[in-house]
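Hello,

Here is the structure I promised to pass on to you. Please have a look at it first, and then read on for what I found.

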Amino acid sequence: MAEQLKPDQSGFEEVVRGIPVVDARAVRKAYETGSARVEALRGVDFIVARGEMVAVIGPSGCGKTTLLNCLSGLDDIDAGDIHIDGVSLRQMSDNDRTDLRGRRIGFVFQAFNLLPILTAEENVELPLLIAGASGRRARRAARAALERVGLGDACRRKPVEMSGGEQQRVAIARAVVHAPSLLFADEPTGSLDSDTSTKIIELLESLNADGQTIVLVTHNAELSRRAGRIVRMADGRVTS
Ligand SMILES: Nc1ncnc2c1ncn2[C@@H]1O[C@H](COP(=O)(O)OP(=O)(O)OP(=O)(O)O)[C@@H](O)[C@H]1O
Ligand SMILES: [Mg+2]
């Protein structure tokens with residue numbers, strides 16, 4: 001039944017409350033580059049309940065970023081299935097998946113992916129403008145999101161004029177500006193000093209306390225300790 005439900009239909013919130021936000025089963029994903037084939041995910045099961053904060057940890061190259069890309073529908077999978085709020089990503093068109101991300105999912109990229117010609121504020125506004133918000137509403141929400149990550153004064157600066165840690169925080173502001181119910185964050189404290197890391201950890205905790213489900217990849221011991229659950233990966237598999 002949940003298969004047919006769309007988030008804008010009445011009753012959706014009641015139905016989804018009881019089912020996992022993320023339900024991934026036997027997910028496989030390989031990359032082909034020239035003659036080489038890398039099996040990045042080799043049968044991953046990964047379930048996240050509503051309101052959880054889960055940390056995914058594991059050595060470099062074990063498939064953490066690939067997993068987040070697949071769970072958020074940014075990347076196609078080769079086998080298995082992924083349901084988000086009870087709806088199969090495989091049964092959605094590209095447009096449906098873009099729409100899902102625009103409304104319900106936030107993503108903090110490991111490499112920020114900020115647009116260099118735009119200011120911090122414009123970078124954060126962009127997803128709202130693409131989703132059809134008015135310029136005024138987008139600006140107000142962008143400023144509030146930048147203030148929430150401690151960058152209220154840096155709205156007009158461009159990424160090249162900012163430190164790595166500041167860019168990281170702009171990337172987080174952009175990911176949460178539309179108040180997504182599900183946030184994926186790939187090394188959200190990867191470029192931050194320990195003071196700024198602590199602020200970002202507190203920010204993620206407060207988003208989680210407000211009801212946002214968070215799946216993050218981290219090497220930061222403090223951040224993984226503060227997550228409600230730790231999932232370990234090795235060599236394309238979940239090990240515990
Ligand atoms: N676009 C790609 N093309 C080819 N191979 C890729 C691509 N992206 C990732 N890989 C390979 O897939 C495997 C998993 O990569 P992934 O980026 O998911 O690892 P990771 O756990 O996020 O590592 P890190 O901690 O270094 O970020 C690695 O062997 C990597 O080299
Ligand atoms: Mg990675």
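Strand β9 (residues 229-234) pairs with β10 in the antiparallel sense, over 2 bridges. Within that pairing, A234 stands opposite R237 of β10. Please keep in mind while you browse that this is a predicted model.

Where does this pair of strands belong? β9 and β10 sit at one end of the order β6-β7-β8-β3-β9-β10, an open sheet formed by 6 strands with mixed pairing. Its edge strands are β6 (105-108) and β10 (237-238), each of which pairs on one side only. As general background, strands of a sheet pair through backbone hydrogen bonds, either parallel or antiparallel.

Helix α2 is a good one to follow next. In the mixed sheet, α2 lies across β3 (53-57), β7 (182-186), β8 (213-217) and β9, and α2 runs at about 150° to β8.

There is also an open sheet of 4 strands, with the order β2-β1-β4-β5 and antiparallel pairing. The edges here are β2 and β5 (87-88), and each pairs on one side only. Strand β4 (residues 79-84) is joined to β5 over 2 bridges, again in the antiparallel sense. If you want to find that spot, look for I84, whose bridge partner in β5 is V87. Helix α2 turns up here too: α2 packs on this sheet and touches β1, β2 and β4, with a direction that makes about 60° with that of β2.

Now to the ligand. Which residues surround ligand 1? The shell is made of Y31, T33, V38, A40, S60, G61, C62, G63, K64, T65, T66 and Q110. Three elements give two or more residues to this shell, namely β1 (22-33), β2 (36-48) and α2 (64-71). Of these, α2 gives the most, with 3 residues. By class, the shell around ligand 1 holds 4 nonpolar, 7 polar and 1 charged residues.

The last part concerns helix α4 and its contacts with two other helices, α5 and α6.

Let me start with α5. The axes of helix α4 (residues 120-130) and helix α5 (residues 135-148) come within 8 Å and cross at roughly 125°. That angle is why α4 counts as oblique to α5. The crossing of α4 past α5 is right-handed. On the α4 side, the residues that meet α5 are A120, E121, V124, E125, L128 and L129. They are met from α5 by R137, A138, R139, A141, A142, R143, A145 and L146. This contact of α4 with α5 has 9 nonpolar and 5 charged residues, and no polar ones.

And how do α4 and α6 lie relative to each other, roughly parallel or roughly antiparallel? Their axes come within 8 Å and cross at roughly 25°, with α6 covering residues 164-176. Angles under 35 degrees count as roughly parallel, and α4 and α6 are therefore roughly parallel to each other. The crossing of α4 and α6 is right-handed. In this contact, A120, N123, V124 and P127 of α4 meet V170, A173 and R174 of α6. The contact of α4 with α6 divides into 5 nonpolar, 1 polar and 1 charged residues. While you are there, look at A120 and V124 of α4, which meet residues of α5 and also residues of α6.

Enjoy exploring it, and write back whenever you like.

Best wishes

How values were computed: Residues are numbered from 1 along each chain as its sequence is written. Chains are lettered from A and ligands numbered from 1 in the order in which they are written. This is a predicted model: local features need pLDDT of at least 70, side-chain atom pairs count only at pLDDT 80 or more; totals for chains, interfaces and linings use all residues. A residue is near a molecule or strand if its C-beta atom, placed from the backbone, lies within 6 Å of it. Ala, Val, Leu, Ile, Met, Phe, Trp, Tyr, Cys and Pro count as nonpolar, Asp, Glu, Lys and Arg as charged, and the others, Gly among them, as polar. Two strands pair if DSSP finds at least two bridges between them. Two residues are in contact if their C-beta atoms, placed from the backbone, lie within 7 Å. Axes are lines fitted to C-alpha atoms, for helices over the stretch in contact, and angles run from 0 to 180 degrees between N-to-C directions. Angles under 35 degrees count as roughly parallel, over 145 as roughly antiparallel, 65 to 115 as roughly perpendicular and the rest as oblique. A crossing is left-handed if the near helix is turned anticlockwise from the far one by less than a right angle, and right-handed if clockwise.
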